[in-house]
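Here are my notes for you on this one, point by point. Keep the viewer open and click along as you read.

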Amino acid sequence: MTEQSLTARSWLKALAALERRRLHLAAFLGVLAGVQTVIIVVGLAWLVEQLTVHQQSPYQLVNVLVLLALCVLGRGICQWAQETISLEASLRIRQHARRQVLDKCWALGPVWLAYQQSGALATQAVENIEALDGYFARFYTQLRITALLPLLIFLVVIRLDYLVAVFLLISAPIIPLFMALVGMGAERVNRDQFAAVARLSAHFLDRVRGMSTLQLFGRTASAHKDVWWATDDYRRLSMRTLRLAFLSSAVLEFFASVAIAVIAMYVGFGLLGYIDYGPATSLTLFSGLAVLLLAPEFFQPLRTLSQHYHDRATALGAAESLITVLNETSVQRSSLNEPDAVDDIAVLKNVSVEYANRGRVLGPIDLTVKKGSIIAISGPSGSGKSTLLALLAGFLMPSQGSLELAQPRYAWLDQQPSLLHGSLADNLHLANPHADAPAMLEALHQAGLKALLEKLPHGLDSMIGERGLGLSGGQAQRLALARIYLSDASLILLDEPTASLDTETEEVVIQALLTWAAQGRTMVMATHHPAAIKAAQRHLEMRNGHLEEICYET
């Protein structure tokens, strides 16, 4: 199955196949519990007839009573085991599904993530995955129980009274038919609901992030109103979903109750002698009571399935949202060719990159990156510098041409470095979890943060906020550089590494870059700073998506 052929139903089927044994075992235990229920019902009808009609004493029926007691105990154990195993299978499936979605996001890379709303992705990875629980824990198992247990009860009833079996056969298809009709609308409503909650999450998160800007321009009241309308839209969709679920359950209960009432009237009139057609003349207390008690049990699996049918609609709606991510075309790094030369990190031959809405943004270009080299790429904003860095990192595949990467361990420094709420040590440990204090201090010194560290009372334990809150732009950039120093990356990709730095600190950072190059690391940086360009061994200028090497006279 290719990525593009993935659908909501095929994906749910593939997930179920991962835990097929557990799910089938749960279904078997459910059928076994139903068999014991049939034994209890038939045995109870027989006991009533023996006690009332044949005047048997309870002591004479003690063996049957013990058997029924064991069946009651066994049914409870089977139902408990069925629920436990189903929940365990559902948990494992959801863990796999979440890992699959997160791995897909990782494979798509930061270029794709930059165009997505983080709130919507978080909703998909958490709430939409959890919405699959009811489908695998309840509906999937109940569907298989419903396919077997009513048939077994039907065979028992037809032996007792074939006319009652005909009643059951006529009324049984009404419930699945109505379930299918309800399911068509429920699936659409649930899909709309999941889209609404994703929009709400993204909308709210965007407003929180931009709160300072909204306050600056006096637009907080308008933002509050927008969030209220988005919340109200989600509330109305949720109420539509609940209304549909309650309505469908009520109608299905009505059909089952009418069918049971018809059977009860038939048994009553038959025992009173008002019906002299077919098996009605041979009705006994045992057969009449048995079919009357078995009728609700015949409809019970169907009623339970109808109650869980909403779980199926919910899962399909969630899956429709999730496969939009899973069907995205990702970079297959295993398909990248290795360069022929040992000292080549990357080789680009006649490479072009095109975006659906922007056309060609890069190329065609030819470029060879040698191990240990320092390459500076300059050019105006939007000329394709960041796209070239994404190609070298393997985040993108070229639309045309060939790309050969040596697959080294790389480090990426964007214009807005990703810093987390925590201590300086916590942020440095992201690059190397095993780095000790002397190594982290050396990394900060190499990045030009020694003076800042001496002013902090808690040193490496000093706290910073999300996205480097509490640090200046230059300090945040240097902290990210220190993180790169701690890593074992052999290819370093830098997007404006000396932005927001003063002249003195810029000189420190450039010296650090030169030191890293002397250690055998390869660096490609997009920059327009003359000092950074001067430190590079090669200077390439990007003009309208094309590279031109700038040569200087010696």
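1. Start with what the record says about the membrane. The unreviewed UniProt entry lists "transmembrane region" for residues 23-47, 59-78, 139-158, 164-184, 244-268 and 280-299. Take two of those stretches and look at them in the model, which is a predicted one. Residues 59-78 come out as 85% helix and 0% strand, with the C-alpha atoms at the ends 29 Å apart. For residues 280-299 the helix share is 75%, strand is again 0%, and the end C-alpha atoms are separated by 22 Å.

2. Before going further, how high is the mean pLDDT of the protein? The mean is 80, and 85% of the residues reach 70 or more. Helix 2 (residues 20-52) has the highest confidence, with a mean of 92, while helix 7 (residues 174-209) has the lowest, with a mean of 63. Where pLDDT is low, the predicted coordinates should not be read in detail. Keep that in mind when you scroll past helix 7, given its mean of 63.

3. Now for the charged pairs. Side chains of opposite charge can pair when their charged atoms come close. How many salt bridges does the structure hold? There are eight. One of them joins E130 and R98, with 2.8 Å between the closest N and O atoms. E130 sits in helix 4 (residues 118-130) and R98 in helix 3 (residues 62-113), so this pair ties together parts of the chain that are 32 residues apart in sequence. Both partners are partly exposed: E130 has a relative accessible area of 37%, and R98 has 22%.

4. Don't stop at that pair, though. E130 and R98 belong to a network of salt bridges that also takes in R94 and D133. Try showing those four side chains together in your viewer.

5. Next, look at R138 and D311. Their salt bridge has its closest N and O atoms 3.1 Å apart. This one links distant parts of the chain, as R138 is in helix 5 (residues 133-160) and D311 is in helix 10 (residues 285-326), 173 residues away. Are the two partners buried or exposed? R138 is partly exposed, at 34% relative accessibility, whereas D311 is buried, at 14%.

6. Another salt bridge pairs E548 with R543, and the N to O distance there is 3.1 Å. E548 is partly exposed at 37%, and R543 is partly exposed too, at 41%.

7. Back to helix 5, where you will also find T146. Its relative accessible area is 10%, so T146 counts as buried. A polar atom of the T146 side chain lies 2.7 Å from the backbone oxygen of Q142. Setting aside residues up to four places away in sequence, T146 touches P301, L302 and L305.

8. Helix 10 has a serine to look at as well, S321. With a relative accessible area of 16%, S321 is buried. What does its side chain meet in a polar contact? The partner is the side chain of N128, at 3.1 Å. Leaving out residues up to four places away in sequence, S321 touches Q124 as well as N128.

9. On to the nonpolar side. The largest nonpolar core has 41 residues. Those with the most contacts inside this core are L428, L444, L479, L494, W516, M523 and M525. Which helix gives the largest share of the core? Helix 15 (residues 473-486) does, with eight residues.

10. M525 is a good place to zoom in. Beyond its neighbours within four places in sequence, M525 is in contact with I374, I375, A376, I377, L494, P497, L513, A532 and A536. Note that L494 is also on the list of core residues with the most contacts.

11. Last stop: a strand residue. L405 lies in strand 4 (residues 400-405). At 4% relative accessibility, L405 is buried. Its C-alpha atom is 9.5 Å from that of L391, and the two residues are 14 apart along the chain.

Definitions and conventions. Residues are numbered from 1 along each chain as its sequence is written. Side-chain values use heavy atoms; hydrogens and water are left out. A salt bridge is a side-chain nitrogen of Lys or Arg within 4 Å of a carboxyl oxygen of Asp or Glu. Helices (H or I, at least four residues) and strands (E, at least two) are DSSP runs, numbered from the N terminus. Buried means under 20% relative accessible area, exposed over 50%, partly exposed in between (1.4 Å probe, protein chains only). UniProt positions are given in the numbering used here, feature names are shortened, and annotations may be inferred rather than shown by experiment. A nonpolar core is a set of buried Ala, Val, Leu, Ile, Met, Phe, Trp, Tyr and Cys residues joined through side-chain atoms within 4.5 Å. Contact means heavy atoms within 4.5 Å. A polar contact is a pair of N or O atoms within 3.5 Å; within protein, one must be able to donate a hydrogen and the other to accept it, and residues adjacent in sequence count only if both atoms are side-chain atoms. pLDDT is the predictor's confidence in each residue, from 0 to 100.
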